[in-house]
Amino acid sequence: MATSINIKRKNIDLPVDALQKLSIMAVAQGKSLKNYIETLLISKANSVSIEVSENPSPSGDPWFEDAENMASVQRGIAEMKAGKGKAYSIDEIRSLLGV
């Protein structure tokens with residue numbers, strides 16, 4: 001008995017010149033254009049390794065890798081959501097700092 005694979009249909013738009021090139025490559029391999037593109041995409045997807053970092057910093061700042069620092073950040077987020085915090089504008093910060 002064959003195993004079942006979940007399939008989702010998706011229409012894609014490609015430039016005409018790309019489709020022509022892909023069609024030639026598909027014919028050279030004895031495949032339909034649809035089958036050739038599906039095979040390419042599945043192969044590419046299977047070769048990609050996706051890792052999700054817990055570090056919220058776009059630059060990967062190591063400060064956020066410290067558990068105590070992240071706990072402090074999470075407490076601050078929870079306080080803001082609970083209405084216990086205050087958001088300051090840049091002008092308010094400058095005024096408070098006297099700059």
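In this predicted model, the largest pocket comes to a volume of about 510 Å³. Its lining takes in Ile5, Ile7, Lys8, Arg9, Lys10, Asn11, Ile12, Lys34, Ile37, Glu38, Leu41 and Ile42. Sorted by character, the lining of this pocket has six nonpolar residues, five charged ones and one polar one.

Two of those lining names, Lys34 and Glu38, turn up again as partners: their side chains meet in a salt bridge, at 2.6 Å from N to O. Both sit in helix H2 (residues 33-47), and because they are four residues apart there, about one helical turn separates them. Glu38 has a relative accessibility of 34%, so it counts as partly exposed.

The structure holds three salt bridges, and another of them links Asp91 with Arg94 at 3.5 Å, N to O. This pair belongs to helix H4, where being three residues apart again puts about one helical turn between them. Asp91 is exposed at 53% relative accessible area, while Arg94, at 41%, is partly exposed. There is also a salt bridge between Lys86 and Glu92, at 3.5 Å from N to O. Here Lys86 is partly exposed at 47%, and Glu92 is partly exposed at 33%.

Helix H4 covers residues 90-97 and includes Ile90, which is exposed because its relative accessibility of 52% is over the 50% cut-off. Ile90 joins Tyr88, Ile93, Leu96, Leu97 and Val99 in a nonpolar surface patch, with about 670 Å² of accessible area together. Ser95 is in helix H4 too, and is exposed at 58%. From Ser95 to Tyr36, the C-alpha atoms are 63 Å apart in space, with the two positions 59 residues apart in sequence numbering.

Methods. Residues are numbered from 1 along each chain as its sequence is written. This is a predicted model: local features need pLDDT of at least 70, side-chain atom pairs count only at pLDDT 80 or more; totals for chains, interfaces and linings use all residues. Side-chain values use heavy atoms; hydrogens and water are left out. On a 1 Å grid over the protein atoms alone, a cavity is a set of points where a 1.4 Å probe fits but cannot get out, and a pocket is an open set with protein on both sides within 12 Å along at least five of seven lines; lining residues have an atom within 4 Å of a point. Grid points are joined across faces, edges and corners, and a volume is the space filled by probe spheres set on the points. Ala, Val, Leu, Ile, Met, Phe, Trp, Tyr, Cys and Pro count as nonpolar, Asp, Glu, Lys and Arg as charged, and the others, Gly among them, as polar. Patches are made of residues with over 30% relative accessible area and no salt bridge: like charges are joined within 9 Å, nonpolar side chains (Val, Leu, Ile, Met, Phe, Trp, Tyr) within 5 Å. Accessible areas come from the Shrake-Rupley method with a 1.4 Å probe; for residues, only the protein chains shown count as cover. A salt bridge is a side-chain nitrogen of Lys or Arg within 4 Å of a carboxyl oxygen of Asp or Glu. Helices (H or I, at least four residues) and strands (E, at least two) are DSSP runs, numbered from the N terminus. Buried means under 20% relative accessible area, exposed over 50%, partly exposed in between (1.4 Å probe, protein chains only).
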